[in-house]
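User: Could you take me on a close look at one buried residue and then at the surroundings it belongs to? I am new to reading structures, so please go step by step.

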Amino acid sequence: GLADQARRFATALTTLGVRREERVLLLMQDCNDWPVAFLGSLYAGVVPVAVNTLLTANDYAYMLEHSRAQAAIISPALLNVLQSAMQTARHEVKHIIVSGDAAGNVADGVPAGRPMTQLLASAAPSTSPANTQRDDIGFWLYSSGSTGRPKGTAHTHGNLYWTAELYAAPVLGLNEKDVCFSAAKLFFAYGLGNGLSFPLSVGATVVLMAERPTPDACFRRFAEHQPTVFFGAPTGYAGMLASPNLPAREAVSLRMCSSAGEALPREIGEKWTAQYGCQIIDGIGSTEMLHIFISNRPDKVRYGTTGWPVPGYEISLRGDDGGPVPDGEPGDLYIHGPSAAMMYWGNRQKTRDTFQGGWTKSGDKYVRNADGTYTYSGRSDDMLKVSGIYVSPFEVEATLMQHPAVLESAVIGVEDADGLTKTKAYVVRKPGRQVDADELKAFVKERLAAYKYPRTIEFIDELPKTATGKIQRFRLREMEAGKS
């Protein structure tokens, strides 16, 4: 079983000479070996550094140097990119462990790959875990690094416990009869809870999928494994709802869905519920807090909001002066809770900016509503001040998305000839649908305060996105800067 395999992996790491508190790079597609490597490392007191599988050799070279990883655990499909990274990095990797039973090719100056199956078979299960405490560093996750290099977010052994204890059973109501399937991969903070710590904490079953979570790939899992709980992101739900292959309600066993990563537009939640009779529980978490700290509830959903604070977490919205903001006005979101990371490794300045006393600064702006729910108001660095008033690009995007011809949109601020910020929308039309800029402007004006409508609209085939599917508004800003 999993416990036996994880304890064998702990022995294997120790036998290879990897010592307690040293880091190992975990660069694997979701598969059964992933939890074995992650949990086995924790058992041995070794620190797994779980990284995004969609990055470049250049990114991995940085991560190898920054983490000083002593070993790398890797999927065969990613061996080439790792070897490229190792040829340019000043790395300390002494061992490469390849998932499955293939050893993989060897590049110049790179240690030979050892098949994980063979390694596990030859190791006796460790009988005593390392004497780790809840505040010892357990694992790292790299934040996406929308500005500058990714930040190595160091989490404690206790943090996995806290997210499961406060959210998995009490809020989501996960139980041992559930079959969990997450489109978000295990290397994401969100996916690590969804696909590993949450189901394990209640004895549920998990479906892991190595391939990209395209609508068709997800539909296949819905049919084959009949998951009861699905974890996704708004972009994924929108893509599924727009797909001609969307399964019928009778063909699936979903009792609940979860969404995070970006705020869920009301339309998507309502359409999904109409299709499947189950709700999407939208919440916000972060790499720094490990999982969700504001969330809708299965028995209490307000589409268009992120819901209520998760019990065990305190939320504070602060103005530019650091003081509290009244309900209805956007403020910077701060979180106080037991699952906060310790620090960004080797980055004192950013650590101090983000982790302030017991509070974590999220970099998001939120509004608290009269009913105690919170509504997303954009990233702090994406907020636009138009005519001296804050405009949330997300609010304008969510309104554009309500138009039947619009598939996706992204709104940024563009300076006019007078140096004043005006809103500009980039819009992707649905295949075969037509709509012009004037019609969309009128559509927004009917639904939002007049000053919020986009002054210019540009139609585009595809929006720039991160590897995790988040819209990169800064790329659109760079495109605009290049035009002037």
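Analyst: Ile 284 has a relative accessible area of 10%, so it counts as buried, the cut-off being under 20%. Bear in mind that everything here is read from a predicted model. Ile 284 is found in strand β12, which covers residues 280–285.

Which residues surround it? Setting aside residues up to four places away in sequence, Ile 284 touches His 291, Ile 292, Phe 293, Ile 294, Thr 306, Leu 333, Asp 364 and Tyr 366. To get a feel for distances, you can also pick out Ser 197: Ile 284 and Ser 197 are 87 residues apart in sequence, and their C-alpha atoms are 18 Å apart in space.

Now step over to one of those partners, Leu 333. Again not counting residues up to four places away in sequence, Leu 333 touches Ile 284, Phe 293, Ile 294, Ile 315, Ser 316 and Leu 317, and also Thr 360, Lys 361, Ser 362, Gly 363, Asp 364 and Tyr 366. If you compare the two contact lists, you will find Phe 293 among the partners of Ile 284 and among those of Leu 333.

Leu 333 and Phe 293 also turn up in the largest nonpolar core, which has 62 residues. Leu 174, Phe 222, Phe 230, Tyr 237, Trp 272, Phe 293 and Leu 333 are the members that touch the most other members. Apart from this core lies another one, of 32 residues, including Val 24, Leu 26, Leu 141 and Leu 160.

Let's go back to β12 and follow the chain onward. Leu 290 lies in the loop between β12 and β13, the latter being residues 292–295. Is Leu 290 buried or exposed? Its relative accessibility is 3%, so Leu 290 counts as buried. Its backbone is worth a look too: phi of Leu 290 is near 80°, a positive value in a residue other than glycine.

Gln 226 offers a second case of this kind, with a positive phi near 50° although it is not a glycine. You will find Gln 226 in the loop between α8 (215–225) and β10 (229–232). Gln 226 counts as partly exposed because its relative accessibility is 26%.

For another buried loop residue, look at Gln 472, between β25 (456–459) and α14 (473–483). Its relative accessibility is 12%, so Gln 472 counts as buried. Leaving aside neighbours within four places in sequence, Gln 472 is in contact with Pro 464, Lys 465 and Thr 466.

Burial can also be followed along a whole helix. Helix α2, residues 33–44, has 12 residues and spans 16 Å from its first C-alpha to its last, close to the 16 Å expected at 1.5 Å a residue. This helix is mostly covered, with 10 of its 12 residues buried. Among those buried residues are Trp 34, Phe 38 and Leu 42. Just after α2 comes Gly 45, whose phi is positive, near 75°.

Finally, where is there empty space? Rolling a probe the size of a water molecule over the atoms shows where it is left. A search of the whole structure finds 2 cavities of 30 Å³ or more. The largest cavity has a volume of about 200 Å³. It is lined by 16 residues, and Pro 234, Glu 262, Pro 265, Met 401 and Ile 471 are the closest to its centre. Elements α9 (234–241), α12 (393–400) and β23 (406–415) each give two or more residues to that lining. By class, the lining of the largest cavity divides into 10 nonpolar, 2 polar and 4 charged residues.

The second largest cavity has a volume of about 40 Å³. Its lining consists of Asp 30, Ser 182, Ala 184, Leu 186, Gly 195, Val 207, Leu 208 and Met 209.

Helix α12 comes up once more at the second largest pocket, where it gives the largest share of the lining, 4 residues. This second largest pocket holds about 550 Å³ of space. Of the 28 residues in its lining, Gly 304, Thr 375, Tyr 376, Glu 395 and Leu 448 lie nearest the centre. The lining of this pocket has 12 nonpolar, 10 polar and 6 charged residues.

Note on methods
Residues are numbered from 1 along each chain as its sequence is written. This is a predicted model: local features need pLDDT of at least 70, side-chain atom pairs count only at pLDDT 80 or more; totals for chains, interfaces and linings use all residues. Side-chain values use heavy atoms; hydrogens and water are left out. On a 1 Å grid over the protein atoms alone, a cavity is a set of points where a 1.4 Å probe fits but cannot get out, and a pocket is an open set with protein on both sides within 12 Å along at least five of seven lines; lining residues have an atom within 4 Å of a point. Grid points are joined across faces, edges and corners, and a volume is the space filled by probe spheres set on the points. Ala, Val, Leu, Ile, Met, Phe, Trp, Tyr, Cys and Pro count as nonpolar, Asp, Glu, Lys and Arg as charged, and the others, Gly among them, as polar. The expected span of a helix is 1.5 Å times one less than its number of residues. Buried means under 20% relative accessible area, exposed over 50%, partly exposed in between (1.4 Å probe, protein chains only). A nonpolar core is a set of buried Ala, Val, Leu, Ile, Met, Phe, Trp, Tyr and Cys residues joined through side-chain atoms within 4.5 Å. Contact means heavy atoms within 4.5 Å.
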